[in-house]
Amino acid sequence: VTKIRIMEGRLLILISLKTGDLLLVKKAQNKLSEMIIRGTKQTFLDRPLAYYHIGIVEKEGTDFFVLHATKDHGCIRQPLDQFISEEGLIDVYRKSSPLINPLKILKRAKSMLEAPYNPSFRLDQPGYYCSDYVVNAFKDENIFHLSPMVFGPNGSVLPEWQQYYENLDLPVPNGQLGSSPNSLISQGHLKFIGAINS
């Protein structure tokens with residue numbers, strides 16, 4: 001195990017994290033994160049999936065960072081302790097088989113840093129959203145594929161998503177190819193490692 005002191009001075013005991021591990025956030029922080037959870041939640045292998053955000057772990061010496069696409073700051077590299085203190089409830093996943101080339105994942109992820117956030121989740125718009133960022137970073141691992149996006153149960157579109165896209169002056173991309181944190185888990189190439197709670 002690894003001990004990391006987070007910003008408030010508390011000690012947090014973590015499983016041994018590796019470069020290329022994925023951190024999935026399950027505590028909604030705002031209205032958009034609540035909408036993502038409500039619109040994309042599902043069950044996979046009897047495990048409820050209700051995540052709204054995903055980031056990639058980088059281990060550099062004894063330090064840890066998270067690379068991810070954020071609504072407020074675009075694509076960033078952030079110290080892990082700061083990420084944990086901001087996000088709170090996090091599950092760790094890892095590719096079921098060894099990564100082919102973790103350094104290539106990092107190189108791709110870093111090449112996207114400072115790109116803007118894509119609030120439309122549409123692939124024809126500029127920037128990246130969190131799971132899109134991960135799909136692109138993991139391109140050479142051949143474990144993630146795009147799937148029809150959902151914005152509610154059974155092909156429906158929740159009213160809050162209708163309003164969200166009206167504000168963007170764009171149609172809801174319901175059924176268009178894309179990704180979500182939950183859809184990446186449900187593709188079956190990741191294993192649950194453990195939980196991190198701030």
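Q: Which elements do the buried residues of α4 pack against?
A: A good way to read a helix is to ask what surrounds it. In this predicted model, the buried residues of α4 pack against four strands and two helices by name: β3 (22-25), β6 (53-60), β7 (63-70), β8 (74-79), α3 (102-111) and α6 (181-186). Helix α4 itself spans residues 130-137.

Q: How many of the residues of α4 are buried, and which are they?
A: Seven of its eight residues are buried, which leaves the helix mostly covered. They are C130, S131, D132, Y133, V134, V135 and A137.

Q: Where does α4 stand in the largest nonpolar core?
A: Here is the general idea: in soluble globular proteins, nonpolar side chains tend to be buried together. In this model, the largest nonpolar core has 53 residues. The largest share of this core, five residues, comes from α4. The residues with the most contacts inside the core are L22, L23, I56, F121, F138, F144 and W161.

Q: Let me pick L23. What is L23 in contact with, leaving aside its neighbours within four places in sequence?
A: Looking past the sequence neighbours shows what the fold brings to a residue. For L23 the list is H53, I54, G55, V57, V66, L80, F83, I90, D91, V92 and I196. For the protein as a whole, take the contacts with a separation of 6 or more: 71% of them join residues 24 or more positions apart.

Q: Is a charged residue such as E58 buried or exposed here?
A: Check the relative accessibility, with under 20% as the cut-off for buried. E58 counts as buried because its relative accessibility is 3%. This residue lies in strand β6, one of the elements that the buried residues of α4 pack against.

Q: What does the side chain of E58 make a polar contact with?
A: When a charged side chain is buried, look for its polar partners. The side chain of E58 makes a polar contact with the side chain of R77, at 2.7 Å. Leaving aside neighbours within four places in sequence, E58 is also in contact with T19, D63, F64, F65, L67, L106 and K110.

Q: How should I read the largest pocket, and what lines it?
A: Start with volume, then lining, then chemistry. The largest pocket has a volume of about 720 Å³. Its lining has 38 residues, and I36, Y52, H53, Y117 and C130 lie nearest the centre. Elements giving two or more residues to that lining are α1 (31-40), β7, β8, α2 (80-87), α4, β10 (147-148) and α6. By class, the lining has 15 nonpolar, 18 polar and five charged residues.

Q: Which element gives the largest share of that lining?
A: That is α1, with four residues. Seven of the ten residues of α1 are buried, so this helix is largely enclosed by the rest of the structure. The buried ones are L32, S33, M35, I36, I37, G39 and T40. Look at the start of α1 too: a side-chain oxygen of N30 comes to within 3.2 Å of the backbone nitrogen of L32.

Q: How many cavities of 30 Å³ or more does the structure hold?
A: It holds one. The largest cavity has a volume of about 40 Å³, and its lining is N101, K104, I105, R108, A137, F138, D140 and E141. Helix α3 gives the most to this lining, with three residues. By class, there are three nonpolar, one polar and four charged residues around the cavity.

Notes
Residues numbered from 1 in each chain as written. Predicted model: local features only at pLDDT ≥ 70, side-chain atom pairs only at ≥ 80, totals over all residues. Heavy atoms only, no water. Buried < 20%, exposed > 50% of the residue type's maximum accessible area, 1.4 Å probe, protein only. Contact = heavy atoms within 4.5 Å. 1 Å grid on protein atoms, 1.4 Å probe; cavity = no way out; pocket = protein on both sides within 12 Å on 5 of 7 lines; lining within 4 Å. Points joined across faces, edges and corners; volume = space filled by probe spheres on them. Nonpolar A, V, L, I, M, F, W, Y, C, P; charged D, E, K, R; others polar. Polar contact = N/O pair within 3.5 Å; in protein donor to acceptor, adjacent residues only side chain to side chain. Core = buried A, V, L, I, M, F, W, Y, C linked by side-chain atoms within 4.5 Å.
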